[in-house]
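Trainee: Please take one part of this model and go through it closely with me, residue by residue where that helps. I would like to hear how its pieces sit against each other.

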Amino acid sequence: MIRTVIVGGGMVGLTLARLLRARGHAPVVLERGPAGAYQPRGFMLGYQGFEAFEELGILDRLRAAGRDVGAAQNGAPIGVAVDVGEVMRALAEDVPVAHGESVTGLVRDGGRVTGVVTEGPGGRAVVEADLVVACDGRGSPVRGWAGLEAELHPLNDAYLSFLSAVPTRQLFGFRYMSDGGMITMLGWPQGGTASRRIDKVGREAATAPDLALFRAGFAELLPEAAEVLEHLSSWDEVRYVEPQLLRCPRWWVPGVVVIGDSAHTFGPDTGVGAGIGLQDA
């Protein structure tokens with residue numbers, strides 16, 4: 001049996017672990033964060049990830065907890081808007097994860113990686129592996145230690161986004177602005193999110209206007225977002241992000257493979273990042 005170490009217990013890492021376990025393997029999943037932790041955010045599961053979730057038997061469960069988005073020619077949805085917490089909880093079931101374990105380096109035997117070095121509650125340890133899979137995000141330390149180069153391409157725009165924990169009646173809405181920007185909202189049974197693409201001006205400048213004027217302008221441009229805007233009461237609830245695209249021309253060396261955001265990160269407008277990561281798994 002191949003000894004597989006998965007670095008990162010996020011959506012892609014947990015999906016890979018479950019798919020391997022379904023095939024009789026017992027991967028070791030190392031996650032530096034605590035159990036049950038995830039970043040609350042608006043999430044649309046694209047059709048690219050359906051195959052993996054259908055094999056794991058959780059696609060119907062997530063569709064029942066969310067809202068179908070659009071329809072393909074065969075009648076199946078092209079996406080599912082669902083609380084990301086629902087996804088993470090479904091994936092985490094029956095998957096042993098070593099939480100609080102930070103990977104600090106790779107172990108090599110000649111030209112091949114044969115394990116990882118970790119620091120955790122029990123101190124320093126070496127975990128041997130036939131294959132190390134990096135699911136540790138865009139800044140992937142494992143990718144760097146393995147000598148795999150990543151090409152970063154900053155976008156010309158930034159994004160302001162915010163969440164509401166109140167369910168929305170509206171599923172989706174967007175408008176393209178005359179200046180080339182875009183304004184969107186996405187709703188699911190447990191809440192909603194809205195976002196606006198703006199110039200890269202820094203968080204301080206982006207959040208300098210009066211919040212009431214920002215809310216009024218947003219609602220005028222995208223009335224569908226009114227339910228999400230209603231509960232926005234502070235600039236502290238607004239996230240300012242300057243995204244970067246990432247491409248990893250070479251995604252493996254002997255003993256290491258990088259997948260998901262560690263290998264490729266897409267812009268927020270594409271809506272395919274998580275789905276492609278699940279295809280990787």
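Mentor: Happy to, and let's clear up the cysteines before we turn to the helices: a search of the whole structure finds 0 disulfides, a disulfide being a pair of cysteine sulfur atoms within 2.5 Å. Please keep in mind that this is a predicted model, in which local features need pLDDT of at least 70 and side-chain atom pairs count only at pLDDT 80 or more, while totals for chains, interfaces and linings use all residues. Residues are numbered from 1 along each chain as its sequence is written, and side-chain values use heavy atoms, with hydrogens and water left out.

Why does Cys135 have no bonded partner? The closest cysteine sulfur belongs to Cys248 and lies 13 Å from that of Cys135, which is too far for a bond. Cys248, likewise, is in no disulfide. Cys135 has a relative accessibility of 14% and so counts as buried, and Cys248, at 7%, counts as buried too. The scale is relative accessible area with a 1.4 Å probe, protein chains only: buried is under 20%, exposed is over 50%, and partly exposed is in between.

Now to the part I would like you to look at closely, helix 1. Helices here are DSSP runs of H or I with at least four residues, and strands are runs of E with at least two, both numbered from the N terminus. Two packed helices are described by the angle between their axes and the distance between those axes. The axes are lines fitted to C-alpha atoms, for helices over the stretch in contact, with angles from 0 to 180 degrees between N-to-C directions.

Begin with helix 4 (residues 84–92): its axis comes within 9 Å of that of helix 1 (residues 11–22), and the two cross at roughly 30°. The pair is therefore roughly parallel, the word for angles under 35 degrees, whereas over 145 is roughly antiparallel, 65 to 115 roughly perpendicular and the rest oblique. The crossing is left-handed, that is, the near helix is turned anticlockwise from the far one by less than a right angle, with clockwise giving right-handed. Helix 1 brings Met11, Leu14, Thr15 and Arg18 to this contact, and helix 4 brings Val84, Val87, Met88, Ala90, Leu91 and Ala92, contact meaning heavy atoms within 4.5 Å. These residues divide into 8 nonpolar, 1 polar and 1 charged. In that scheme Ala, Val, Leu, Ile, Met, Phe, Trp, Tyr, Cys and Pro are nonpolar, Asp, Glu, Lys and Arg are charged, and the others, Gly among them, are polar.

Next comes helix 9 (residues 273–280), packed on helix 1 at about 30° with the axes 9 Å apart. This pair is therefore roughly parallel as well, but its crossing is right-handed. Met11, Val12 and Thr15 of helix 1 meet Ala274, Gly277 and Leu278 of helix 9, and the residues of this contact divide into 4 nonpolar, 2 polar and no charged. Notice that Met11 and Thr15 take part in the contacts with helix 4 and with helix 9.

Finally, follow the chain past helix 4 into the loop before strand 6 (98–99), where you meet Asp94. Asp94 has a positive phi of about 65° although it is not a glycine, and at 70% relative accessibility it counts as exposed.
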